[in-house]
Amino acid sequence: MLYLSLYLPLPCGSRLHLMSINKAKSGSQDKKGLPVLMVHGMVEDGRIFYHPSGKGFGSYLAKQGYQVYVADLRGVGKSTPKISKHSLHGQTETICHDLPAIINFILEHSQQPKLHLAAHSWGGVYLNAMLLRFPQLIDKVISGVYFGSKRRVRVKNLERLLKIEFFWNRFSPLLSKSFGYLPAKKLKFGADNETLKTHRQCVSWVKNDHWHDSDDHFDYGQAAKNLVLPPIHYFAAIRDFSLGHRSDVKLFMSESCLKHASYQLLSKKAGNKLDYDHLNMLTAAEAVDDHFPQALQRLQQKESEQARDQPEQ
C-alpha cells in the first residue's frame with residue numbers, strides 16, 4: 001500500500017491534510033480507480049479510517065483499487081495550524097469552505113469526474129449538510145457509506161444521560177469556555193480537539209430539532225425537503241448506545257433524505273461476527289471480513305447502476 005500525505009492550502013492560511021492511500025501499482029499505465037473521500041467525526045482525526053500497518057476501512061478500499069483520500073479537518077490530525085484558543089472557525093467554515101475545496105481538489109488530483117463518500121459519526125452530518133448547501137455537488141457524488149452518523153440524540157437510556165446530556169451538552173461547554181477550545185486530546189476523551197465555535201454549533205444541533213446554521217440561519221431541514229441526495233448506506237452498531245444509536249441514525253436518515261437511502265444494523269443476531277460499538281465498527285479486525293465487503297458491494301452496485309443509467313453518447 002502507498003500512503004502519501006497531501007496538503008491543501010486554504011485562503012485563511014490553514015492547510016488541510018489528506019492521507020492518500022493507493023494500491024501499489026506495477027506500472028504507470030494501470031487504470032486509476034474511483035476516488036473515495038473519508039471524513040471523521042467529532043474529537044477524532046482521519047486515523048479512524050486507516051493505520052500504516054494496512055488496517056482500516058480506507059486501507060481496505062485502497063486494496064480493492066480505489067483512490068482513497070482521508071481528510072483531517074481544519075486544525076485536526078496533520079492539518080495546520082493545530083486547534084487552540086486562537087482558532088475561530090466552526091462547522092459553518094467546514095461545511096461551506098473546507099469540504100467543497102477538498103472535493104474539488106480530489107477530483108482534480110484523481111483525474112476522475114465523480115467520487116464516493118465515507119464518514120464516521122459527525123462526519124456524515126458534515127457531508128450531508130454540505131450537499132444540501134451546495135446541490136451542484138450532488139451530481140459529483142456516486143454514493144456514500146456512513147458509520148454511526150446521527151445529528152440529534154433522542155434515544156432514552158442511561159448512557160445518553162451521562163455521555164450526551166451531562167458531559168457533551170453541559171459539562172464540556174464549560175471546558176471549552178475555560179480553555180478557549182475543547183481540549184479533548186489533553187483530557188483523553190478524544191483523539192483530537194475541537195474549536196469553541198465547532199463545539200458550540202455541534203451541541204446546538206444535537207439538542208435542537210430545527211436544523212439550521214447559527215451564522216446565516218440557512219435551513220438544512222427545508223433544503224432536504226426539496227433535494228434528493230445521492231444513495232447513502234447507513235451502518236449502525238447494536239452496542240452503540242448513545243453516540244450513534246440505531247434510532248438516531250434512522251432519525252438522521254429521515255431528515256436528510258430517505259429516497260435512495262438504506263440502513264443496516266451490525267450485530268451477531270443479524271449475522272455479523274461481533275456485536276459492534278461506535279468505534280470498533282471501523283477498527284475491529286473482524287470488520288475486514290464482515291461488513292467491509294458489504295460496504296464495498298454497495299459502492300460497486302451504485303457504480304454499476306449509474307453506468308447503466310448514463311445516456312449513450
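This report covers a surface patch, a loop leucine and an internal cavity in a predicted model.

## Nonpolar surface patch

Three leucines, L158, L161 and L162, make a nonpolar patch of about 320 Å² on the surface. One of them, L161, belongs to helix 4, which runs over residues 158–179.

The relative accessible area of L161 is 47%. L161 is therefore classed as partly exposed, since that class lies between the 20% limit for buried and the 50% limit for exposed residues.

## The loop residue L227

L227 sits in the loop that links helix 6 (220–226) to strand 9 (232–237). Its relative accessibility is 22%, so L227 counts as partly exposed; buried would require a value under 20%.

Leaving aside residues up to four places away in sequence, L227 touches L131, L132, P135 and C257. As for its position relative to A119, the two residues are 108 residues apart in sequence, and their C-alpha atoms are 20 Å apart in space.

## Internal cavity

Rolling a probe the size of a water molecule over the atoms reveals where empty space remains. In this structure there is 1 cavity of 30 Å³ or more. The volume of the largest cavity is about 90 Å³.

Its lining consists of 13 residues. Those nearest the centre of the largest cavity are L73, V76, Y126, E194 and T198.

Terms used
Residues numbered from 1 in each chain as written. Predicted model: local features only at pLDDT ≥ 70, side-chain atom pairs only at ≥ 80, totals over all residues. Heavy atoms only, no water. Patch = residues over 30% accessible without salt bridge, like charges linked within 9 Å, V, L, I, M, F, W, Y side chains within 5 Å. Areas by Shrake-Rupley, 256 points an atom, 1.4 Å probe, with all protein chains shown as cover. Salt bridge = Lys/Arg side-chain N within 4 Å of Asp/Glu carboxyl O. Helix = DSSP H or I, 4+ residues; strand = E, 2+ residues; numbered from the N terminus. Buried < 20%, exposed > 50% of the residue type's maximum accessible area, 1.4 Å probe, protein only. Contact = heavy atoms within 4.5 Å. 1 Å grid on protein atoms, 1.4 Å probe; cavity = no way out; pocket = protein on both sides within 12 Å on 5 of 7 lines; lining within 4 Å. Points joined across faces, edges and corners; volume = space filled by probe spheres on them.
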